[in-house]
Amino acid sequence: MQFDIKKIRLSLKNPWTISRNSSSYKDNVFVKLEKDGITGYGEAAPNIRYGENPDLTMSKIEDAVSSLEAVDFLHYTDVDRLLNQSISGQSCAKAALDIALMDWIGKSAGLPLYQLFGLNPDRIPGTSFSIGIDTKENVIRKVKNALDFPVLKIKVGYDGDEEMVTWVRSITDKPIRVDANEGWKSKETALEKILWLQSQGVELIEQPLPYQMINETAWLRERISIPVIADEAVKKASDIAGLIGAYDGINIKLMKSGGIQEALRMIHVAKTLNLKIMVGCMIESSVAISAAAHIAAHADWVDLDGNLLIKNDPFTGIGIEKGKLMLSENPGLGVRPTL
Ligand code: MG
């Protein structure tokens, strides 16, 4: 087995600001696994919200790789079990290895992953396009540039968020989804904001309150009419049952779940519990976005626009047409490096 790992600085087309923080670049970690003449690519997008950083992620991946030497990759659930033991925390590190492994599996089988999973790519819902917190001028420019997208996702959860929605509404009446990223600190504030947002044609609210405020979120949900989606409150399948009554659905991201295999388990648990499914992302290149898109036919909503925010995507292989993700028919993830 050959293994290569590197950190690549992804430059953003626009500085990215949400209720927590702001940045103009993102350092992601890229993995290349080679075995039996087949190469698998993976990616980690470390997120400070979950205590992750690129150097720690790299060292976790390096430590875990040696445990894979003796495993038959075709028994990929064994690899999943091993990685769960060898990587604690830093779920994005596990995601990078799981994505590379599943890319390898698809190539080994000669099938794109969606086919391996029995999924119809025509069922993937169109993705929303995210508008970060910005000046009026920039927000209006970004909304105009996003004309092709059927739905916008607006970041709220800060003083002045109503203004932001008003600016968007001044130029488009398309559906809006909003994400507060735990930004409202009391249930009363959140209620007041959401009642107003409902009047503005907002179709769902993501993570209105801090993740631990489950009872307050349940209180809020009884008083509003739009679905409440958990993001920061849910990382893995074992988190889902605790959300019943407080949320209508969950936002599944490969970087939180630790890859495709756990994301599929989350999908099955959520469906069993009658929760809706959003498949979302961090700021990621075409590697991790493609990986998520391969399972996105399971989703009710898709928010996979991370690669569109980057100027220097080091991979190619996924397209977009009028907001709909177009997966390659090549085996595995269907991506290849551009460098
Ligand atoms: Mg979110």
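Which residues of β3 lie on one side and which on the other, and are they buried or exposed? The legends below begin with that strand. The model is predicted.

**View 1. Strand β3 is covered on both faces.**
On one side sit Ile38, Gly40, Gly42 and Ala44. On the other sit Thr39, Tyr41 and Glu43. Every one of these residues is buried. The strand spans residues 38-44, and seven of its seven residues are buried, so the rest of the structure largely encloses β3.

**View 2. Strands β2 and β3 form a hairpin.**
Strand β2 covers residues 22-35. It pairs with β3 in the antiparallel sense, over seven bridges. Look for Val29: this residue stands opposite Ala44 in β3. Two residues lie between the two strands. Asp36 is in the turn and has a positive phi of about 50°.

**View 3. Three acidic side chains hold a magnesium ion.**
The protein donors are Asp179 (OD), Glu206 (OE) and Asp231 (OD). They lie 2.1 to 2.2 Å from the ion. Along the chain, the donors follow the spacing D-x26-E-x24-D. Glu206 belongs to strand β7, while Asp231 is in the loop between β8 (228-230) and α9 (237-240). These two residues are 25 apart, and the pair links distant parts of the chain. Are Glu206 and Asp231 buried or exposed? Both are buried.

**View 4. Helix α7 packs against helices and strands.**
Helix α7 runs through residues 187-199 and has 13 residues. From its first C-alpha to its last, it reaches 18 Å. That is close to the 18 Å expected at 1.5 Å a residue. Its buried residues are Ala190, Leu191, Lys193, Ile194 and Leu197. What do they pack against? Two of the partners are helices, α6 (161-169) and α8 (214-222). The others are strands, β6 (176-179) and β7 (202-206). Just after the helix, Gly201 takes a positive phi of about 75°.

**View 5. Two salt bridges lie within helices.**
Side chains of opposite charge can pair when their charged atoms come close. How many salt bridges does the structure hold? The count is 21. One of them joins Arg81 to Asp78, with the closest N and O atoms 3.2 Å apart. Both residues lie in helix α2 (residues 76-86). They are three residues apart, about one turn of the helix. Asp78 is partly exposed, with a relative accessible area of 32%.
Another bridge joins Lys107 to Asp103, and here the closest N and O atoms are 3.0 Å apart. These partners are in helix α3 (residues 91-109). Because they are four residues apart in the helix, about one helical turn separates them. Lys107 is partly exposed, with a relative accessible area of 25%. Asp103 is buried, with a relative accessible area of 0%.

**View 6. Asp134 meets Lys142, and a network joins other charged residues.**
The side chains of Asp134 and Lys142 form a salt bridge, 2.8 Å from N to O. Is Lys142 buried or exposed? Its relative accessibility is 7%, so Lys142 counts as buried. Elsewhere, salt bridges that share partners build one network. Its members are Lys153, Lys155, Asp179, Glu206 and Asp303. Asp179 and Glu206 are also among the donors of the magnesium ion.

Conventions:
Residues are numbered from 1 along each chain as its sequence is written. This is a predicted model: local features need pLDDT of at least 70, side-chain atom pairs count only at pLDDT 80 or more; totals for chains, interfaces and linings use all residues. Side-chain values use heavy atoms; hydrogens and water are left out. The expected span of a helix is 1.5 Å times one less than its number of residues. Buried means under 20% relative accessible area, exposed over 50%, partly exposed in between (1.4 Å probe, protein chains only). Contact means heavy atoms within 4.5 Å. A salt bridge is a side-chain nitrogen of Lys or Arg within 4 Å of a carboxyl oxygen of Asp or Glu. Two strands pair if DSSP finds at least two bridges between them. Donors are N, O and S atoms within 2.8 Å of the metal (3.2 Å for Na, K and Ca); water is not among the atoms, so sites may look incomplete.
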